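Trainee: Could you pick one spot in this model and take me through it closely? I'd like the immediate surroundings, then how they tie into the rest of the fold.

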Amino acid sequence: MNTLTKMALGLLGHLKPTPLEFDSSKSIRLPPPGVTDGMPLMRALAARQSQREFKTTVLSEETLSDLLWAAAGVNRPELVGRTAPSAMNAQEVDVYAALATGLYRYEPVAHVLHLAVAADVRRVTGYQDFVDTAPLDLVYVADHARMKMIPASHRESYASIAAGAMAQNVYLYCASTGLGAVMRAWFDRAALGQSMGLDADRQILLTQTVGMLKTPAHA
Ligand SMILES: Cc1cc2nc3c(=O)[nH]c(=O)nc-3n(C[C@H](O)[C@H](O)[C@H](O)COP(=O)(O)O)c2cc1C
């Protein structure tokens with residue numbers, strides 16, 4: 001769907017997910033992340049960039065596992081520490097994965113995706129047309145109920161900073177594996193919140209598209 005159509009539908013309150021013609025899996029147990037894989041950090045930093053042309057090819061469960069772990073995974077089980085920082089270790093940002101087969105919430109401790117919405121929400125995750133067909137759109141959502149220890153006036157900015165760190169981890173993972181990614185703030189917040197069925201404590205901060213590149217970065 002093109003950008004103008006999305007904007008018009010959004011204004012009318014009609015920007016909606018695509019219904020599915022099959023049953024989604026209730027949960028997807030991800031394989032363990034490949035924590036010894038990938039290129040050296042400095043090379044990944046040298047390759048990091050935003051990309052906006054993706055193949056529709058579905059990402060493997062191994063790739064989903066690695067990139068979700070990079071975003072929000074548990075890297076110190078004894079402390080339930082995460083790969084990305086959060087103010088006062090509130091761990092208030094959840095990552096949702098909008099796949100062609102449904103919208104899933106990543107649960108870092110069990111390293112599992114739980115079905116949140118049995119519909120294809122991808123096209124509602126951004127005004128740009130590539131988000132509809134790229135295999136994965138991540139949605140970073142703050143849960144304000146987990147930030148009671150943080151002054152109310154600081155909660156949104158702290159959570160946005162945490163989401164930015166998570167999204168940068170995904171950028172670096174993608175750079176290290178030749179995948180494309182772009183973080184995005186241009187989306188219809190009302191339409192996406194409604195499509196995701198979020199409660200009043202939850203605030204969508206950021207989205208990010210990931211997929212194989214139509215043209216490899218270093219072809
Ligand atoms: C907060 C934020 C919001 C962004 N929103 C969008 C967006 O909605 N759509 C998009 O295509 N790119 C978006 N970008 C990506 C920027 O356009 C991109 O980072 C910038 O052009 C620099 O390019 P680079 O990432 O390749 O260095 C956003 C980046 C940031 C940090």
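**A close look at Asp143**

Mentor: Setting aside its neighbours within four places in sequence, Asp143 touches Glu92, Asp201 and Arg202, where contact means heavy atoms within 4.5 Å. Before going on, the ground rules: this is a predicted model, local features need pLDDT of at least 70, side-chain atom pairs count only at pLDDT 80 or more, and totals for chains, interfaces and linings use all residues. Residues are numbered from 1 along each chain as its sequence is written, and side-chain values use heavy atoms, with hydrogens and water left out.

Asp143 sits in strand β9. Helices (H or I, at least four residues) and strands (E, at least two) are DSSP runs, numbered from the N terminus. Asp143 has 7% relative accessibility, so it counts as buried; the cut-offs are under 20% relative accessible area for buried, over 50% for exposed, and partly exposed in between (1.4 Å probe, protein chains only).

Now for its polar partners. A polar atom of the Asp143 side chain lies 3.0 Å from the backbone nitrogen of Ala145. That's a polar contact: a pair of N or O atoms within 3.5 Å, where, within protein, one must be able to donate a hydrogen and the other to accept it, and residues adjacent in sequence count only if both atoms are side-chain atoms. Asp143 also meets Arg146 in a salt bridge, at 3.2 Å from N to O. The criterion there is a side-chain nitrogen of Lys or Arg within 4 Å of a carboxyl oxygen of Asp or Glu.

Arg146 has another acidic partner, Asp94, with a salt bridge of 2.8 Å, N to O. This pair reaches across the chain: Asp94 belongs to strand β5 and Arg146 to the loop between β9 and α5, 52 residues apart. Asp94 is buried because its relative accessibility is 7%, while Arg146, with a relative accessible area of 33%, is partly exposed. Step back a little and you find a salt-bridge network that links Asp94, Asp143, Arg146, Asp199 and Arg202. The whole structure has eight salt bridges. One of them joins Asp120 to Arg122, with the closest N and O atoms 2.8 Å apart, and both of those residues are buried.

Next, follow the strands outwards. β5 (93-99) runs antiparallel to β6, joined by four bridges; two strands pair if DSSP finds at least two bridges between them. A hairpin with two residues connects β5 and β6, and Leu99 has Gly102 of β6 as its bridge partner. β6 in turn pairs with β7, again antiparallel, over five bridges, with Arg105 partnered by His114 of β7. Four residues lie between the strands in that second hairpin, where His111 takes a positive phi near 55 degrees.

The nonpolar side of the story involves some of these strands too. The largest nonpolar core has 43 residues, and Val95, Leu113, Leu136, Leu138, Tyr140 and Val210 have the most contacts inside it. Such a core is a set of buried Ala, Val, Leu, Ile, Met, Phe, Trp, Tyr and Cys residues joined through side-chain atoms within 4.5 Å. Elements giving two or more residues to this core include β5, β9, α5 and β11, and α5 supplies the largest share, nine residues. A second, separate core of 15 residues includes Val117, Val139, Met196 and Ile204.

About α5 itself: its 26 residues reach 39 Å from first C-alpha to last, close to the 38 Å expected at 1.5 Å a residue; that expected span is 1.5 Å times one less than the number of residues. Just after α5, Gly178 has a positive phi of about 80 degrees. Then there's β10, where five of six residues are buried. Six bridges join β10 to β11 in the antiparallel sense, and Met183 has Gln208 of β11 as its partner.

Last stop, α6. Ala191, Leu192, Gly193, Ser195 and Met196 are buried in this helix (189-196), and their cover includes β5, β9 and β11. Asp188 caps the N-terminal end of α6, with a side-chain oxygen 3.2 Å from the backbone nitrogen of Ala190. Just past α6, Gly197 has a positive phi of about 65 degrees.
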